[in-house]
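Good morning, and thank you for the opportunity to present. Please look at the structure on the screen while I describe a few of its charged pairs and one place where helices meet.

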Amino acid sequence: MTTWSCTLAGEPGISTIEAPTRASAARALLARGQTPVLIEPFDRPTTDRDTRASDEPISPGTAGRSVRVGSGAAMSRSETAMFIRELATALIAGLPLTQAMRTLGMQGRSAAQRQMIDWLVAQVEQGRNLSDAVSSWGRPFNELIINLIRAGEVSGKLGEVLLQASDLLDRDLKLRRAITGATLYPLILLVLIVGAVVAVVTIVIPRLLEPLKGQISVSDLPWPTRVLSGSAEIFSGFWWIILPGIALAVASLARIYRSPVGRFWIDSRLLRVPALGRLLRDVAVARFTRTLATLTAAGIPILASLKVTKRTLGNAAMERVIDHVCEQVTAGRTLAEPMEKSGLFPPMLIQIINLGERSGRLDEMMHQAARAFEDRTEVSLKLFTTAFPPILIVFMAGIVGFIVAAVILALLQFQESVSTM
């Protein structure tokens, strides 16, 4: 029988328990309703070898040897949010962590999800805390989820913090679906317009202008007709160069966007586009306020919260502002001042942050701001979906008008030349 030194979530100091193995000690603690954060032998100091061994991923049936985990996301975003909510509900109801996870693993999960849950349960039973276990697994658990779980373990309120995390994931998922729904129709309309123009220029126009060949010289044709005819000839004769060229240009643009400098340049320009820039800014601000409010309410320090929140913005220009904010906060200054100087964040948010810092109620004020900016994002989405399709239709009407004018002017020119003969 070995004596084990145990650090428990939400309980100060070190406890001891006697058990033959680390796993049995963890199971005994969990049976009491206590969540172990760290379990080490009490009768000898921890060596580097022990630390490395305790940090190795351990899966059922493979104790003592490392395995590769997290090869792919076992759950989608919506399934992850639902899993975390169900786990939070079970913990708040009083179930021990491993029992709650085992119960969730038996409720209609896929084979990949059951494997992931079994692995996490084995990790906790081996004495690792849940945050380290999900961090070792990887996707679908991102840095935000890991930090919230760690904050819940430290505070002893894992269930409540997981419930906040599930609310945050649900809101983010709702926002993503709203953005997808708002941009899907304009994108489909744009693709149809481009396809229609290409078909008219390459198929319809050459057949309409075919009878005029030999009757009128090219130099005598109206300039819209010359432009249209030349475009049709270029595309029909060199499509095998044009199409790969377009694909290469798109791939090059994507590669430039993946670089830090290119992404910053493109994102900063996108923020200046009418309607689209406002939508991108409102989406980023809504994510920023909700995520920062959730992290600070969970007890995570403001600097760590800012670094995690920065990755939810989705815009390199705004992320650079948060980096500058972190530097200013490290130097002892406030959040509001560098955000105000950037000009990328709305004045209302600056005022709310300033008031929250002065009153010491930053998390509460940010939650209120999050609701306001989520409503504002919905308005921006509606504005974008209302304004963008008519713009595309007007653009299409302009192209169709140019094509019709080119054909009619050519026919009138032909009629005039015939009448003068």
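**Salt bridges and a helix crossing**

Let me begin with Asp167, which forms a salt bridge with Arg85; their closest N and O atoms are 2.5 Å apart. Asp167 belongs to helix α8, residues 158–209, and Arg85 to helix α3, so this pair ties together parts that are 82 residues apart in sequence. I should state at once that this is a predicted model. How exposed are the two partners? Asp167 is partly exposed, with a relative accessible area of 32%, and Arg85 is also partly exposed, with a value of 24%. The pair does not stand alone, for Arg85, Asp167 and Asp170 are linked in a network of salt bridges.

How many salt bridges does a search of the whole structure find? The number is 16. I shall discuss two further examples.

In one of them, Asp267 pairs with Arg263, and the closest N and O atoms lie 3.7 Å apart. Both residues are in helix α10, residues 260–270; because they are four residues apart there, about one helical turn separates them. Is Asp267 buried or exposed? Its relative accessibility is 2%, and since buried means under 20%, Asp267 counts as buried. Arg263, by contrast, is partly exposed, at 22%.

The other example joins Asp323 to Lys310, with 3.0 Å between the closest N and O atoms. Here distant parts of the chain are linked: Asp323 sits in helix α13, residues 316–330, Lys310 sits in helix α12, residues 302–310, and the two are 13 residues apart. In this pair the acidic partner, Asp323, is partly exposed at 33% relative accessibility, whereas Lys310 is buried, with a relative accessible area of 18%.

I now return to helix α3, the helix that holds Arg85. The axes of α3, residues 77–92, and helix α4, residues 97–105, come within 9 Å and cross at roughly 135 degrees. That angle makes α3 oblique to α4. The crossing is right-handed.

Which residues make the contact? From α3 they are Phe83, Glu86, Leu87, Ala90 and Leu91, and from α4 they are Leu97, Ala100, Met101 and Leu104. Eight of these contact residues are nonpolar, none is polar, and one is charged.

To close, please keep two pictures of α3 in mind: through Arg85 it is tied to α8 by a salt bridge, and it meets α4 in an oblique crossing. Thank you for your attention.

Note on methods:
Residues numbered from 1 in each chain as written. Predicted model: local features only at pLDDT ≥ 70, side-chain atom pairs only at ≥ 80, totals over all residues. Heavy atoms only, no water. Axes fitted to C-alpha atoms, helices over the stretch in contact; angles between N-to-C directions. Parallel < 35°, antiparallel > 145°, perpendicular 65-115°, else oblique. Left-handed = near helix turned anticlockwise from the far one by under 90°. Contact = heavy atoms within 4.5 Å. Nonpolar A, V, L, I, M, F, W, Y, C, P; charged D, E, K, R; others polar. Salt bridge = Lys/Arg side-chain N within 4 Å of Asp/Glu carboxyl O. Buried < 20%, exposed > 50% of the residue type's maximum accessible area, 1.4 Å probe, protein only.
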